[in-house]
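Here is a short report for a first look at this structure. Keep the sequence and the 3D view side by side as you read.

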Amino acid sequence: MASSLLESGWLYLITHFSEFQLATLGSFMIHESVFFLSGLPSVYFERSGLFSKYKIQKKNNTPDAQEKCIWRLVLYHVCVNLPVMMISYPTFRFMGLKSSLPLPPWRVIISQIIFYFILEDFVFYWGHRLLHTKWLYKHVHSIHHEYATPFGLTSEYAHPAEILFLGFATIVGPALTGPHLFTLWLWMVLRVLETVEAHSGYHFPWSPSNFLPLYGGAEFHDYHHRVLYTKSGNYSSTFIYMDWLFGTDKGYRKLKALEEEGKQR
């Protein structure tokens, strides 16, 4: 029943809109909706003090700083993200992107998305670590680190060059596999929700890191923002094993051990 409703909805889309419109404007609208709807609550939480006991850092961003982030994001998304989506469409089409029915089986969708998460995390780790070298940090990545106390929307607050550079990690998996547009949309939604959660600044009892093995989450990434860039570590986007393998999470692990020791006293 659910499958037939989904396919009926998809049939409506491909009947009334071209693949180019769906892959570009459709993708942009989905991204903006998911990003702002999932990211704005942390702005409200900071201003109202709601869930303050779950806030990782006690410091709050000023309303002016929050508004600066929002307006720049709108500018970057319209002037960078949307044009990139439009320009990259022929490449995705060449690599096998399709939008026709039937929709792919769920086993294919899930296996591809798992592959995308693993590959994205690997590529992002090395790209992010490179951005923490002296020159690139000063001229590019320092923009993202203007917010030492992150909130959900800061996840995409970055220099345009960084948006393109690290954005490659997000699209390399789909570009290699030539997925169905539905799979691409689902991957985009999950990736946006993951990065917004990691930058939310809150560690809730229901946070994914409490249930998913190897998942980093807000607490893991918050450490990266509040420590001097040469010592921050925790470069991965989603998981923790890359930082563990290459020893770039030592500062974070030491801090966690000290916190646990303090709780036991």
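Helices (H or I, at least four residues) and strands (E, at least two) are DSSP runs, numbered from the N terminus. The model is predicted: local features need pLDDT of at least 70, side-chain atom pairs count only at pLDDT 80 or more, and totals for chains, interfaces and linings use all residues. Residues are numbered from 1 along each chain as its sequence is written, and side-chain values use heavy atoms, with hydrogens and water left out.

## Two helix pairs

Start with H2 and H3. Helix H2 covers residues 19-48 and helix H3 covers residues 63-94. Their axes lie 10 Å apart, at an angle of about 160°. Axes here are lines fitted to C-alpha atoms, for helices over the stretch in contact, and angles run from 0 to 180 degrees between N-to-C directions. H2 is therefore roughly antiparallel to H3. That term applies to angles over 145 degrees; under 35 is roughly parallel, 65 to 115 roughly perpendicular, and the rest oblique. The crossing of H2 with H3 is right-handed. Right-handed means that the near helix is turned clockwise from the far one by less than a right angle, and left-handed means anticlockwise. By class, this contact of H2 with H3 has 17 nonpolar, six polar and six charged residues. Ala, Val, Leu, Ile, Met, Phe, Trp, Tyr, Cys and Pro count as nonpolar, Asp, Glu, Lys and Arg as charged, and the others, Gly among them, as polar.

Now take H4 and H6. Helix H4 spans residues 106-131 and helix H6 spans residues 160-177. Their axes come within 9 Å and cross at roughly 155°. H4 and H6 are therefore roughly antiparallel to each other. Their crossing is right-handed. Among the residues that make the contact are Phe 115, Leu 119, Val 123 and Phe 124 of H4, and Phe 165, Phe 168, Ala 169 and Val 172 of H6. Contact means heavy atoms within 4.5 Å. By class, the contact of H4 with H6 has 14 nonpolar, six polar and two charged residues.

## Thr 24 in H2

Is Thr 24 buried or exposed? Thr 24 is buried, with a relative accessible area of 0%. Buried means under 20% relative accessible area, exposed over 50%, and partly exposed in between (1.4 Å probe, protein chains only). Thr 24 sits in helix H2. Leaving aside residues up to four places away in sequence, Thr 24 touches Leu 82, Met 85, Met 86 and Tyr 89. Its side chain also reaches a backbone oxygen, that of Phe 20.

## His 144 and helix H8

His 144 is found in the loop between helix H5 (134-139) and H6. At a relative accessible area of 5%, His 144 is buried. Its neighbours, not counting residues up to four places away in sequence, include Glu 162, His 199, His 221 and His 225. The side chain of His 144 makes a polar contact with the side chain of His 225.

The table lists polar contacts of the two residues. A polar contact is a pair of N or O atoms within 3.5 Å; within protein, one must be able to donate a hydrogen and the other to accept it, and residues adjacent in sequence count only if both atoms are side-chain atoms.

| Side chain | Partner | Distance |
|---|---|---|
| Thr 24 | Phe 20, backbone oxygen | 2.5 Å |
| His 144 | Tyr 157, backbone oxygen | 2.8 Å |
| His 144 | Thr 154, backbone oxygen | 3.3 Å |
| His 144 | His 225, side chain | 3.3 Å |

His 221 and His 225 are among the buried residues of H8. H8 is mostly covered, with eight of its 10 residues buried.

## Loops and backbone

Most residues other than glycine have a negative phi, and most peptide bonds are trans. Some sites here depart from that. A cis peptide bond joins Leu 101 and Pro 102, with omega about 5°. Pro 102 is in the loop between H3 and H4.

Leu 214 has a positive phi of about 70° although it is not a glycine. Leu 214 lies in the loop between H7 and H8, and at 47% relative accessibility it counts as partly exposed. Pro 213 is in that loop too, between helix H7 (181-198) and helix H8 (217-226). At 68% relative accessibility, Pro 213 counts as exposed.

Asn 234 also has a positive phi, near 50°. Its place is in the loop between H8 and helix H9 (241-245). Asn 234 is buried, with a relative accessible area of 0%.
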